[in-house]
Amino acid sequence: MSVYKNIRFAAWWLLRAPQRKIVGWHTLFTDINGAWLVFAKPKPKDVLWICVGNLNREQSILDKLLPSMLASKQANHLGLSIMDCGSAGFEVFEKELREKWPHGLVIQSKKQAFSRAEVFNQAIAMAPGNFIMAMDADMSLPADIYELACEQVRAGRVWFPICQWQLNEGEKEWRWFTEGTGLFAAYKADFEKAGTYNIDYTSWGKEDWDLFFRFYEQGICPVRTKTKDLYHHWHISLKPSNFEKWF
């Protein structure tokens, strides 16, 4: 990145980042404090629980997410918590998952409508540990996902990594998905302090940014970093045609 682009980004971050407008200027102090927490507080040492909500995405989990977890440098430091919404192939899926994943696993199926906010709240609540990461089914993780999360997360600091978004099925082109904050790693206690996902968001979108801003409201610093090999595989978009951006 050029010096000019660095200056432009710094000016945007200081003056126009969405947390300044939505939450307030005091978010700047939260950001500064979040930077200090990396040095002031210890890294997590617990198992990182990958928390997933699922409805008919079993094959993506088995073909994409699970192999990347198995290939992780510290797979034994990862756990998997899945809340399923009554997928037709759940029993076969659970059996195959238990056969292939040798580490911590909690999984449950409940017939319910898929609301990302509510289902992810359930998956996170089921995770037995305090170190959690919300993860979509159509993702592949970098081999050092555990180390990356440990580098970024502290009590009072949460990590919202920016993933690589595959543009078209079967093609290599991708872009940084900066407009979404659906993936995050945190201490569960901080997630609960922020109020968890707001289940009033029942349709596609906005529950992620709502949570992002509520972390700020509680003085908890969300940190965003571009993360190579955190890869979102293409699928048909579920975004409604009448969706309106928040900001």
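This is a short tour of a predicted model, moving from the whole chain to one helix, a few loop residues and a pocket.

**Stop 1: the whole chain**

Start with everything shown as a cartoon. You should find nine helices and nine strands in the protein chain. Along the principal axes, the C-alpha atoms fill a box of roughly 50 × 45 × 35 Å. The radius of gyration is 18 Å, which agrees with the value near 18 Å that a compact globule of 247 residues would have. Colour by burial if you like: 48% of the 247 residues count as buried. As for contacts between residues at least 6 apart in sequence, 76% of them join residues at least 24 apart.

**Stop 2: helix H5**

Now select residues 90-100, which make up helix H5. Which residues of this helix are buried? Show the side chains of Phe-90, Phe-93 and Leu-97, and you have them. Look down the axis of H5: these buried residues fall within an arc of 60°, so they line one face of the helix.

Next, add what they pack against. Select strand S1 (48-54), helix H4 (58-70), strand S2 (78-84) and strand S3 (104-109); the buried residues of H5 pack against these elements. Then turn the helix around. The face turned away from the buried side carries Glu-91, Val-92, Lys-95 and Glu-99, which are exposed.

**Stop 3: Ala-88 and Asn-56**

Step back along the chain to Ala-88, in the loop between S2 and H5. Ala-88 is exposed, with a relative accessible area of 83%. What does Ala-88 touch, leaving aside residues up to four places away in sequence? Select Asn-56 and Glu-58 to see its partners. Put a distance label between the C-alpha atoms of Ala-88 and Asn-56 and you should get 7.2 Å, although the two are 32 residues apart along the chain.

Stay on Asn-56, which sits in the loop between S1 and H4. Its backbone deserves a click: phi is near 60°, a positive value in a residue other than glycine. For background, most residues other than glycine have a negative phi.

**Stop 4: Thr-196**

Thr-196 is another residue with phi near 60°, again positive and again not a glycine. Find it in the loop between helix H8 (188-193) and H9. Thr-196 counts as partly exposed, at 23% relative accessibility.

**Stop 5: Glu-151**

Go to helix H7 (residues 145-152) and pick Glu-151. Its relative accessible area is 39%, so Glu-151 is partly exposed. Now display Val-38 and Lys-43: Glu-151 touches both, not counting residues up to four places away in sequence. Glu-151 and Val-38 are 113 residues apart in sequence, yet their C-alpha atoms are 7.7 Å apart in space.

**Stop 6: the second largest pocket**

Finish by turning on a surface and looking for the second largest pocket, which holds about 770 Å³ of space. To centre the view, select Phe-9, Trp-12, Trp-13, Pro-18 and Arg-224, the closest to the pocket centre of its 27 lining residues.

Which element gives the largest share of the lining? Colour strand S9 (221-232): S9 supplies six residues. Other elements that each supply at least two include helix H1 (3-15), helix H2 (18-22), helix H3 (27-40), strand S6 (157-166) and helix H9 (207-217). Colour the lining by residue type as a last step, and you should see 16 nonpolar, four polar and seven charged residues.

Note on methods: Residues are numbered from 1 along each chain as its sequence is written. This is a predicted model: local features need pLDDT of at least 70, side-chain atom pairs count only at pLDDT 80 or more; totals for chains, interfaces and linings use all residues. Side-chain values use heavy atoms; hydrogens and water are left out. On a 1 Å grid over the protein atoms alone, a cavity is a set of points where a 1.4 Å probe fits but cannot get out, and a pocket is an open set with protein on both sides within 12 Å along at least five of seven lines; lining residues have an atom within 4 Å of a point. Grid points are joined across faces, edges and corners, and a volume is the space filled by probe spheres set on the points. Helices (H or I, at least four residues) and strands (E, at least two) are DSSP runs, numbered from the N terminus. Ala, Val, Leu, Ile, Met, Phe, Trp, Tyr, Cys and Pro count as nonpolar, Asp, Glu, Lys and Arg as charged, and the others, Gly among them, as polar. Buried means under 20% relative accessible area, exposed over 50%, partly exposed in between (1.4 Å probe, protein chains only). The arc is that of the directions from the helix axis to the C-beta atoms. Contact means heavy atoms within 4.5 Å. The radius of gyration is taken over C-alpha atoms; the globule rule is 2.2 Å times the number of residues to the power 0.38.
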